[in-house]
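Please look over the sequence and the model below before reading on. The report that follows takes up a group of strands and then a pair of helices.

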Amino acid sequence: MSTDPSVSVFEQRIVEKKTELIKAANVIASELKNCSNDDLSKSAKAFENLVAHCKDSIKFRLIVHLDLDCFFAQCEMDKNLKLKNVPMAVGSNFMLSTANYEARKYGVRSGMPGFQAKQRCPGLSIIPLDFGCYEEASERFFTVLDIFDPECIKAGLDEAYIEITNIYLNRKEPGKFLYFVVFFNIYL
Ligand SMILES: [Mg+2]
């Protein structure tokens with residue numbers, strides 16, 4: 001308990017509650033990171049418990065952060081299917097924006113100079129940036145998000161925050177919800 005007289009008991013309780021929730025959320029996040037599909041039901045239960053706990057204690061809002069996986073590389077692989085199974089990155093010899101998982105196996109990373117990436121992965125295909133294509137794909141992404149939350153917050157071409165509080169509260173099958181959060185794959 002704080003001894004600061006300017007902090008009310010109520011405020012102190014909020015701080016404690018937040019700390020408790022962050023701790024619980026971190027446990028779930030680490031469980032999700034390591035769990036297989038079979039283990040998901042356990043984490044789903046933990047998630048449900050956490051939400052039940054939050055709902056009764058503080059103003060409850062459920063906000064999901066979505067960040068599409070290696071977005072520019074995915075767009076390029078959709079344009080040219082031959083790139084799907086070979087190491088590839090998007091960018092230039094000067095700097096890479098992103099790389100697919102085949103390239104990541106060799107240690108190729110975002111922000112790395114292309115020439116350095118080629119030293120690690122001589123077979124790497126470097127595809128020049130095509131922002132027109134990424135913007136089109138991004139528009140399709142946000143069109144889908146609009147269905148869930150018309151006021152979603154855009155944090156980049158492939159990144160957004162959506163509020164799904166009402167979707168969650170009105171859900172028909174509680175056990176399926178976590179799948180929605182974790183495996184929300186959008187096929188552009
Ligand atoms: Mg991303």
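Through how many residues does a hairpin join β2 to β3? In this predicted model, the hairpin between β2 and β3 passes through four residues. Strand β2 covers residues 88–91, while strand β3 covers residues 96–99, and the two run antiparallel, joined by three bridges.

Strand β2 also pairs with strand β4, which spans residues 125–127, and here the pairing is in the parallel sense, again over three bridges. The table sets out the two pairings of β2, with one pair of opposite residues for each.

| Partner of β2 | Sense | Bridges | Opposite residues |
|---|---|---|---|
| β3 (residues 96–99) | antiparallel | three bridges | G91 and L96 |
| β4 (residues 125–127) | parallel | three bridges | V90 and I127 |

Both faces of β2 are covered, since M88 and V90 on one side are buried, and A89 and G91 on the other side are buried as well. V90, which stands opposite I127 in β4, and G91, which stands opposite L96 in β3, thus belong to the two opposite sides of the strand.

Turning to the helices, α3 (residues 71–79) packs against α6 (residues 131–148) at an angle of about 100°, and their axes lie 10 Å apart. Because angles of 65 to 115 degrees count as roughly perpendicular, α3 and α6 are described as roughly perpendicular to each other. On the side of α3 the contact is made by F71, F72, C75 and K79, and on the side of α6 by C133, Y134 and A137. Of these contact residues, six are nonpolar, one is charged and none is polar.

Methods. Residues numbered from 1 in each chain as written. Predicted model: local features only at pLDDT ≥ 70, side-chain atom pairs only at ≥ 80, totals over all residues. Buried ≥ 20, exposed ≤ 12 C-beta atoms within 10 Å, placed from the backbone. Pairing = 2+ DSSP bridges. Axes fitted to C-alpha atoms, helices over the stretch in contact; angles between N-to-C directions. Parallel < 35°, antiparallel > 145°, perpendicular 65-115°, else oblique. Contact = placed C-beta atoms within 7 Å. Nonpolar A, V, L, I, M, F, W, Y, C, P; charged D, E, K, R; others polar.
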